[in-house]
Amino acid sequence: MIENKLIDLIHVTKRYGNNTIIDDLNLYIRENEFLTLLGPSGCGKTTTLRIIGGFESPDEGQVIFGGKDITKLPPNERQLNTVFQKYALFTHMTIAENIAFGLKIKKKSKQYINDKIKYALKLVNLDGYENRMPDSLSGGQQQRIAIARAIVNEPKVLLLDEPLGALDLKLRQDMQYELIRLKNELGITFVYVTHDQEEALTMSDTIMVMTQGYIQQIGTPEDIYNEPKNAFVADFIGESNIISGTMIEDKLVNILGCNFPCVDVGFGKNKPVDVVIRPEDIDLVKPEEGLMQGRVTSLIFKGVHYEMEVMANGYEFLVHSTDLSPVGSEVGIKVDPFDIQIMNKPESEDEEAVMPLE
Amino acid sequence: MSKNAKSPAKNPSALLATPYTIWMIGFIVIPLLMVVYYGMTAKSDGAFTFENIKLIAQPENLRALWLSILLSLISTIICLVIAYPLAMILRNMKFKSNSFIVMIFILPMWMNSLLRTIAWQNILERKGVLNAFLTFLNLPTLNIINTPAAIVLGMVYDFLPFMILPLYNTLAKIDENVINAARDLGANSRQTFMKIIFPLSLPGVISGITMVFVPSLTTFAISNILGGSKVLLIGNVIEQQFQKLNNWNSGSGLSLVLMVFVLISMALVAKYDKGGDSTSVW
Amino acid sequence: MKKTNKILALGMVAALTFTGCGSEDEEFTLKATNNYKAGENGEVYVYNWGEYIDERVIDVFEKDTGIKVIYNTFEENEDMYPIIATGAAKYDVVCPSDYMIQKMIDEDMLQPLNKDNIPNLKNIGSEYLKASEEFDPGNVYSVPYCWGTVGILYNTTMVDEPIDSWGVLFDEKYKNDILMIDSVRDGFMIALSYLGYDQNTTNEAELNEALELLQKQYPLVQAYVVDQVRDKMIGGEAALGVIYSGEAIYTQRENPDLEYVVPKEGSNTWIDGWVIPSNAENKENAEAWINFLCRPDVALVNFDYITYSTPNTAARELIEDADIRNSTIAFPGSDILDRCSTFKYLGEEVETLYMNLWNKKSN
């Protein structure tokens, strides 16, 4: 159950020289929440994480933890633990010593520590690895030890900085499930940083999409995916077709000369808008049955679906379907009104800056 | 009889190693064997003997050896104490000024070490640069020259870069996130240093100690120039045997004793630095 | 002559670039009478001390005789000895010091000189030939080239009494103001002479007495030096120093406060002479070389450059500067020479004994 605010970032700004990495960021994280900070490289997500962890200080703003201002607190005094990108295990210590490190600092008893080590190793499915050295473990195993080392200290919050980046696909997927299981078992808050949107969609309760130091959108995975607020989010999450169109009136939009009924209201009359349609939401039908006509220009079998490109009225649509239409065939495009997402065109310069080039 | 398992035709890279092998054998292995040979044979009749090695037991020679060890140890420790914080600071600096600062420390090494030692003599003499400066400031003069302190100073100055470099190399290789992890897990600065940074820097420390201790153990030029030849070190004794008494056997015998120290240091380095990456200069 | 601190040579090269070892800016008046091409009449391999010749005379020799000169240098007698002994390199004419010449004669490493080929020998003063007989009886194997004495160099502004005895070097009054010589034989020579013993003694009781004196001296010594004594005394680092006479002349040029004295108890004279090794291949060319160096004008040029005393009396008469021509440092009278003697080679065992005792001086 996701409950009250645990961490609060208020008006946080961070600069490096002339670069503003994070600009007036406001974010709160609730107890037991799995929050993912998602965005491309350099968007500020790692910096945000490091500010929460205490490895960086914000130039402006505050970090509140459990009601207390911890902005000036060093990392070793904060009640959270971090899993670092390349594991950062202590190569000169055994696995057991690695895991016990935080507990020894806290001066826990020997018995307590031994119990905890056993428990942690069991939790990450690496029983019996106490006396191994980190170098002798595989990447995935090292990652799990890094997780064990962090959670053994019973932190309220676990920060994870792209922990699965160095693993291969299968292992990554397995680890994703492991992390979800851990979260449910331990009941702690996860703050997860990644640039992989699929990972974010799989594991999170809440996703925060960032770019260039700004929050673009915060919401559940479904919200982000189905109702992206702007072109950037739409483009970043999943694949999408983003087309310029005109909102004729409520529930009717004109795309490339053809009128499509949709469900969005409140955008005004005859206003230019951005239209987002997911590839899997496009149905290819007989030309006369579609609202727009086009020709298939490419066909690729992707296993899960066929990926086709359809040229219609000057725009190359990306289409995912389990049915194939051969290259060169004339097709009709049909989209359920519910699957058409309308977004405002960017107004300010900043927003324009984050628009992907067409 | 072929020495290589694969003939060069089948293993062309073996051929490439030939110049190095010749060099190794000609300039390292053979001279070493010659030292062992001379050291273990008598000058008069070439018979096998331990007399040359036993020369170390003569009271003056033992004293010289003891003094050499003492001065070298002191110099090594001073180098370590100076170099470690310096290496830490270097490590924490931004990249751009980094290589510049490293250059500054390496730069003196480009000049002949003998000239640098003589320069120090000019500085430390009674009427030298340092005292002229102090007199100018109406401060009392310092009489460091021709004392063991001057010898230590000369050794530290000469060998400090050899301590800084391996230390810096090892420290630089410590991933910043490892240190962050320690802090994250609750360690304060002191604990982070004692439990993480220092143990991880140990290969560099051992390497640096070896690269300072061994050469300073065998020096005789520094004790002559800065110590006024008042201190007899083991290096001086060996030089005497070769140069003045023309006795290669006794000189080699005493050198064999010194070799023991070199071997011990090498063993230590091998134990602590299996990857061998702290001994690279750049 | 002994240069025991050869390692300083490297440093000296840099330091001396400006000070120079002689008056190279003086006009070079030596001219060749013939115009042979070097090598027309063979070659000669010469092995000499470093900085021990005005190298321009080599060109003149080559032009005059047509003999090509291959010239190499060494820093210490002990560096030169193994080269000649093992035949590692073949030299035709070499310039060792007195005791080393004796050692080489003892070991049959030299061949007698054909005096007919060295008519210029007549220019060498008879007293020097007599002195050479101490190590080369009958002057069979050697011709003197340079010689000198060992004495005390003192700074007149830093002492207030007449200096005439080795005793000042052991006087507490001069603590830390004494530059003692860093050489086994010379060091013992000073102690033995002061005690009234022979500087070539093998008597262990006498040597131990000398050692005691050296041990008493140790805390008073500022530094043990050889070549460095020159620059240190010029710089006023110490009141007293032990120096070779040839260097003394140079230091006086640089610092007029310095005076040189051969103490009354007696001292050491050293002679460096030319010899021809047994395995020399160009004996006659070697003798031509020696003969050339015995020319008064040639010896004069070398004297100007090296500043070490020349045994060539004809050259001495050509010296223009009366102060130098009559200098008792460069050309001491018989009163001084009579109380000096040269070193003998004492054999391996005794030399090792001396060395071991010397190392005990800091006990």
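Start with one pair, Lys43(B) and Glu348(C). They form a salt bridge, with the closest N and O atoms 3.4 Å apart. By salt bridge I mean a side-chain nitrogen of Lys or Arg within 4 Å of a carboxyl oxygen of Asp or Glu. Between chain C and chain B the count is 4 salt bridges.

Some ground rules. This is a predicted model: local features need pLDDT of at least 70, side-chain atom pairs count only at pLDDT 80 or more, and totals for chains, interfaces and linings use all residues. Residues are numbered from 1 along each chain as its sequence is written, chains are lettered from A and ligands numbered from 1 in the order in which they are written, and side-chain values use heavy atoms, with hydrogens and water left out.

Back to chains B and C. Polar contacts next: the rule finds 19 residue pairs across this interface, both residues at pLDDT 80 or more. A polar contact is a pair of N or O atoms within 3.5 Å; within protein, one must be able to donate a hydrogen and the other to accept it, and residues adjacent in sequence count only if both atoms are side-chain atoms.

Which elements of chain C each supply at least two residues of the side that touches chain B? They are α1, α3 (77-86), β6 (221-225), α8 (228-234) and α15 (348-359). α15(C) gives the most, with 7 residues. Helices (H or I, at least four residues) and strands (E, at least two) are DSSP runs, numbered from the N terminus. By class, this side of chain C has 14 nonpolar, 13 polar and 10 charged residues. Here Ala, Val, Leu, Ile, Met, Phe, Trp, Tyr, Cys and Pro count as nonpolar, Asp, Glu, Lys and Arg as charged, and the others, Gly among them, as polar.

Now the extent. Chain C puts 37 residues into the contact and chain B puts in 28 residues. Contact means heavy atoms within 4.5 Å. The buried area is about 2,900 Å², and carbon and sulfur atoms give 45% of it. That area is the accessible area (1.4 Å probe) that two parts lose on being put together, summed over both. Of the 2 pairs of chains that touch, B and C have the most contacts. Chain A and chain C do not touch; their nearest C-alpha atoms are 46 Å apart.

How far can we trust chain B? Its pLDDT, the predictor's confidence in each residue from 0 to 100, averages 85, and 91% of the residues score at least 70. Among its elements, helix α5 (residues 95-106) has the lowest mean, 71, and helix α9 (residues 176-184) the highest, 93. Residues 278-282 of chain B fall below 50; beyond near neighbours in sequence, that stretch has 15 contacts in the model. Where pLDDT is low, the predicted coordinates should not be read in detail.

Next, inside chain C. It is divided into domain 1 (8-147 + 270-331) and domain 2 (149-267 + 340-362). Those bounds come from an automatic or database domain assignment. The C-alpha centres of the two domains lie 27 Å apart. In contact are 19 residues of domain 1 and 21 residues of domain 2. Together the domains bury about 2,100 Å², 58% of it on carbon and sulfur atoms. Glu134(C), Trp270(C) and Ile329(C) supply 29% of the area that domain 1 buries against domain 2, more than any other three residues.

Glu134(C) comes up again. Its side chain meets that of Lys344(C) in a salt bridge, 3.8 Å from N to O. The rule finds 1 salt bridge across this domain interface. It also finds 4 residue pairs in polar contact there.

Last, chain A. Its domains are 1 (5-226) and 2 (240-353). Their C-alpha centres lie 38 Å apart. The contact takes 5 residues from each domain. About 370 Å² is buried between them, with carbon and sulfur atoms giving 30%. Tyr214(A), Tyr225(A) and Asn226(A) supply 82% of what domain 1 buries against domain 2, more than any other three residues. How many salt bridges are there between these domains? The count is 0. Polar contacts number 2 residue pairs. Helix α7 (residues 221-226) of chain A gives the most to the domain 1 side, with 3 residues. That side divides into 3 nonpolar, 2 polar and no charged residues.
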